[in-house]
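Dear colleague,

I am passing on to you the structure shown below, together with its sequence. Please have it open while you read the notes that come after it.

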Amino acid sequence: MERTFKRSYSALDELFHFLDGILEAENVGEDDAFTARLALEEVFTNMVKYSTSKISSITVRIQSVGNDLVLELEDQEAESFDPVRYPAPDLKATLEERRPGGLGLHLVRSLVDSIDHDYVDRRNIVTLRIKLAR
């Protein structure tokens with residue numbers, strides 16, 4: 001399923017409603033549903049906050065493929081940002097030594113089974129895969 005959402009934090013309720021409908025239809029367990037919600041929220045809010053795009057929407061595709069739940073977010077007319085290559089934060093550094101940012105992406109990378117990035121025709125496409133424990 002595919003939907004386009006306003007590039008705004010105010011779209012989160014609508015985004016979760018869209019996701020939850022699919023999770024329910026696919027009979028996704030609570031642990032996997034939690035992972036999907038957290039990962040989708042983090043990537044979506046990063047696109048809202050940091051993207052250079054002037055397009056006012058973000059496209060989200062969600063599908064079940066075999067035992068995987070696949071979440072794909074597309075940000076059009078944006079500069080490339082690859083969350084796969086973004087450096088992991090130094091979790092052993094003191095708070096004073098740490099640079100802001102990166103913890104959310106680190107958490108997403110640790111929760112999902114895979115994260116991929118494609119940049120084609122000024123479109124950032126981030127694909128998250130969660131192996132479902134059915």
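The notes below describe the chain as a whole, then its core, its strands and some individual residues.

Please bear in mind throughout that this is a predicted model.

**Overall arrangement**

The chain contains three helices and five strands. Read from the N terminus, these elements follow the order β-α-α-β-β-α-β-β. Of the 134 residues in the chain, 39% are buried. The accessible surface amounts to about 7,900 Å², and carbon and sulfur atoms account for 50% of that area. Many contacts span long stretches of sequence: among those between residues at least 6 apart, 64% join residues at least 24 apart.

**The nonpolar core**

The largest nonpolar core has 30 residues, and the members that touch the most others are F44, I62, L71 and L128. Two or more residues are contributed by each of α1 (12-25), α2 (30-50), β2 (57-65), β3 (68-76) and β5 (123-131). The largest share is that of α2, with eight residues.

I62 gives a view of this packing. Leaving aside residues up to four places away in sequence, I62 is in contact with M1, F18, L19, I22, L40, L69, V70 and L71.

**Strand β3 and its partners**

Strand β3 is paired with both β2 and β5. It runs antiparallel to β2, to which it is joined by seven bridges; within this pair, Q63 is placed opposite V70 of β3. Two residues separate the strands in the hairpin of β2 and β3, where G66 adopts a positive phi near 60°. With β5 the arrangement is again antiparallel, and here nine bridges are found. In this second pair, D68 faces K131 of β5.

How many of the nine residues of β3 are buried? The count is seven, and β3 is therefore largely enclosed by the rest of the structure.

**T127 in strand β5**

T127 is a residue of β5. Its relative accessibility is 12%, below the 20% limit, so T127 counts as buried. Apart from residues up to four places away in sequence, T127 touches V70, L71, E72, S114, I115 and D116. T127 and R61 are separated by 66 residues in sequence, while their C-alpha atoms are 9.2 Å apart in space.

**A nonpolar patch on the surface**

F34, L107 and L111 together form a nonpolar patch on the surface, with a combined accessible area of about 260 Å². L111 belongs to helix α3 (residues 103-111). L111 is classed as partly exposed because its relative accessibility is 32%.

**Two loop residues with positive phi**

Two residues other than glycine also deserve mention for their backbone angles.

- N27 has a positive phi of about 55°. This residue sits in the loop between α1 and α2, and N27 counts as exposed because its relative accessibility is 65%.
- D121 has a positive phi near 50°. Its place is the loop between β4 (114-120) and β5, and D121 is exposed, with a relative accessible area of 64%.

With kind regards

Note on methods
Residues are numbered from 1 along each chain as its sequence is written. This is a predicted model: local features need pLDDT of at least 70, side-chain atom pairs count only at pLDDT 80 or more; totals for chains, interfaces and linings use all residues. Side-chain values use heavy atoms; hydrogens and water are left out. A nonpolar core is a set of buried Ala, Val, Leu, Ile, Met, Phe, Trp, Tyr and Cys residues joined through side-chain atoms within 4.5 Å. Buried means under 20% relative accessible area, exposed over 50%, partly exposed in between (1.4 Å probe, protein chains only). Helices (H or I, at least four residues) and strands (E, at least two) are DSSP runs, numbered from the N terminus. Contact means heavy atoms within 4.5 Å. Patches are made of residues with over 30% relative accessible area and no salt bridge: like charges are joined within 9 Å, nonpolar side chains (Val, Leu, Ile, Met, Phe, Trp, Tyr) within 5 Å. Accessible areas come from the Shrake-Rupley method with a 1.4 Å probe; for residues, only the protein chains shown count as cover. A salt bridge is a side-chain nitrogen of Lys or Arg within 4 Å of a carboxyl oxygen of Asp or Glu. Two strands pair if DSSP finds at least two bridges between them.
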